[in-house]
Amino acid sequence: MTFSTLGLSDPLLQAVEELGYTKPTAIQEQTIPTILAGRDLLAASQTGTGKTASFILPVLQKLTGERKRRAKRLRALVLVPTRELAIQVENTIHQYGKYLSLRSMVMVGGVDAAPQKQGLIDGLDILVATPGRLLDMAHQRALYFDELEVLILDEADRMLDMGFIGDINKIIERLPTQRQNLLFSATLSDEIRLLAKTAINDPIEISINATNATAPKISQWLITVDKDSKSALLSHLIKENQWTQALIFIRTKHGAAKLVSQLEKRGIKAEAIHSGRSQAVRTQLLADFKSGNISLLVATGIAARGIDIDDLDRVVNYDLPDDDDDYIHRIGRTGRAGAIGEAVSLVSRDDFKRLCAIERRLNQLIERRIIDGFIAAKEVPVSVLNHVGKKPEKKVAIATQKKQASKKNDRAKSSGHKKSSRGPEIEKANPWSQWFEKNKK
Ligand code: AMP
């Protein structure tokens, strides 16, 4: 399959060719003809699969028509959870649309609203926005939705996790009923399906399995290590392996700042990106990291989604994420669209439950490597793929329990397991456990 057989126009084909894409990814093959045909779409897919191009390319094509822009109006709206993702999506619009004369803009909170209002005055073809600021602007009558043709909800699950559902519903209420709707989400949970019911109309459903999409391209391995030796181990890995690029995920802002100074003390230069830094600094850091001016970037969860850096060599989980979906998102920063990447995790004893959840999600054990001088005193057991976590404590809200249950169901469905995750399960043969027994001291 080629891009031209998908029905894309010459200006888009030329832009795609210049970017070096030789053929469409799996999601692009499915979504591009669907969107060009004017159908609504409900797509389960992750970043790293070519998802952004899968909606931007056909939407650009649809907007290249006779219709003119009008003041304070927009023709397509992309709603995204974070400022970083908004900036990246708009960058791709510039890349793919370089031979078209369409106008686009980013509208996010945390920065001065005046230039954004100014940018709306002549009207836009595509607006990429976070829900809060968009709603604010609509209240101020800085923009109107009556010319809107296409609504795209990108990383919809993340928007719900971040509590945007109220804003999203208020935005949807303001939109014309005649429009095309495209919803992208990492998982199709009950909440997402509920949102889909209100937002979209008889959609075509597409599912690109994240594990399958990422697994062959990413070399994943871990080192078990005591918590207080993590920064020494990381320094060792950076120096020994001469890592020239790594995106390092860490749990807290404070931890990020501390790690940067610990690395510095060992002669390693790194920068931290987290919600405590201003938007201008974050944007600059990302640009410097992308261009190679910064080789090591320590990031908290806010940076986990949506960072689109071509050919990122590796991600490091200095801390494992609480949510196994986040692990998939993180490793999705690397090994993107054909490139081989590396995902390294530093796992201490208190990460064990998180490790179990991640390995269950991957349905595989992550390779364990041993580094001399960093053998964990507090051993991390080898997880069992069918590990069943403790029952949720009573104080956990019912809503959270429901959410977890529906997540598990989604996973069970996507991995083809029909059995309840709490049902009786048989322990599977565990090759890594044998390997580990042989190799540990
Ligand atoms: P996304 O899933 O949108 O985050 O895209 C992941 C990466 O894949 C981005 O860096 C894109 O530039 C790249 N990409 C998208 N489509 C293709 C393609 N057909 N061939 C090669 N790379 C692609």
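**Strand β5 and its surroundings in the predicted model**

In strand β5, V150 and I152 point to one side while L151 and L153 point to the other, and all of these residues are buried. The description that follows refers throughout to a predicted model. On one flank, β5 (residues 150-153) is paired with β2 (residues 74-79) in the parallel sense, the two strands being joined over four bridges. Within this pairing A76 is placed opposite V150 of β5, and L77 has L151 of β5 as its bridge partner. Strand β5 also runs parallel to β6, to which it is joined by four bridges, and here V150 stands opposite Q180 of β6. Residue V150 thus appears in both pairings, facing A76 and Q180.

These strands belong to an open sheet of seven strands, whose order is β3-β4-β2-β5-β6-β1-β7 and whose pairing is parallel. The edge positions are taken by β3 (104-107) and β7 (204-207), each of which has a single partner strand, so that one side of each is left without a neighbour in the sheet. On average, and with direction ignored, neighbouring strands of this sheet are turned by 15° against each other. Strands of a sheet pair through backbone hydrogen bonds, in either a parallel or an antiparallel arrangement.

Helix α2 (residues 26-36) lies across three strands of the sheet, namely β1 (41-44), β6 (180-185) and β7, and runs at about 165° to β6. A residue of another helix makes contacts in this region: K62, found in helix α3 (residues 51-63), is in contact with I35, L36, G38, R75 and Q180 when its neighbours within four places in sequence are left aside. Among these partners, Q180 is the residue that stands opposite V150 in the pairing of β5 with β6. The C-alpha atoms of K62 and G38 are separated by 8.9 Å, although the two residues are 24 residues apart along the chain. With a relative accessibility of 31%, K62 counts as partly exposed.

Aromatic contacts form a further feature of the model. A pair of aromatic rings is described by the distance of the centres and the angle of the planes. The structure holds three aromatic pairs. In one of them, the rings of F3 and Y21 have centres 6.5 Å apart and planes at 35°, and the pair is therefore tilted. Because F3 lies in the segment before α1 (10-18) and Y21 in the loop between α1 and α2, this pair ties together parts that are 18 residues apart in sequence. F3 is buried, its relative accessible area being 5%, whereas Y21, at 31% relative accessibility, counts as partly exposed. Y21 also forms an aromatic pair with Y96, in this case an edge-to-face one, with 6.2 Å from centre to centre and 65° between the planes. Since Y96 is located in helix α4 (residues 83-96) and Y21 in the loop between α1 and α2, the second pair ties together parts that are 75 residues apart in sequence. Y96 is buried, with a relative accessible area of 4%. Taken together, F3, Y21 and Y96 form one aromatic cluster.

Aromatic rings are also involved in arrangements with charged side chains. The charged end of R369 sits over the ring of W221, at 4.2 Å from its centre, and the charged end of K230 sits over the ring of Y318, at 5.7 Å from its centre.

In helix α15 (residues 352-362), the buried residues are L355, C356, I358, E359, R361 and L362. The list includes E359 and R361 alongside residues such as L355 and I358. Just after this helix, N363 adopts a positive phi of about 60°.

For the protein as a whole, the secondary structure amounts to 17 helices and 14 strands. Of its 441 residues, 51% count as buried, and the protein exposes about 20400 Å², of which carbon and sulfur atoms supply 50%. Among the contacts with a separation of 6 or more, 77% are accounted for by residues 24 or more positions apart.

Key. Residues are numbered from 1 along each chain as its sequence is written. This is a predicted model: local features need pLDDT of at least 70, side-chain atom pairs count only at pLDDT 80 or more; totals for chains, interfaces and linings use all residues. Side-chain values use heavy atoms; hydrogens and water are left out. Two strands pair if DSSP finds at least two bridges between them. Axes are lines fitted to C-alpha atoms, for helices over the stretch in contact, and angles run from 0 to 180 degrees between N-to-C directions. Contact means heavy atoms within 4.5 Å. Rings of Phe, Tyr and Trp (its six-membered ring) pair if their centres lie within 6.5 Å; planes under 30 degrees apart count as stacked, over 60 as edge-to-face and the rest as tilted. Buried means under 20% relative accessible area, exposed over 50%, partly exposed in between (1.4 Å probe, protein chains only). A charge sits over a ring if NZ of Lys or CZ of Arg is within 6 Å of the ring centre and within 35 degrees of the ring normal. Accessible areas come from the Shrake-Rupley method with a 1.4 Å probe; for residues, only the protein chains shown count as cover.
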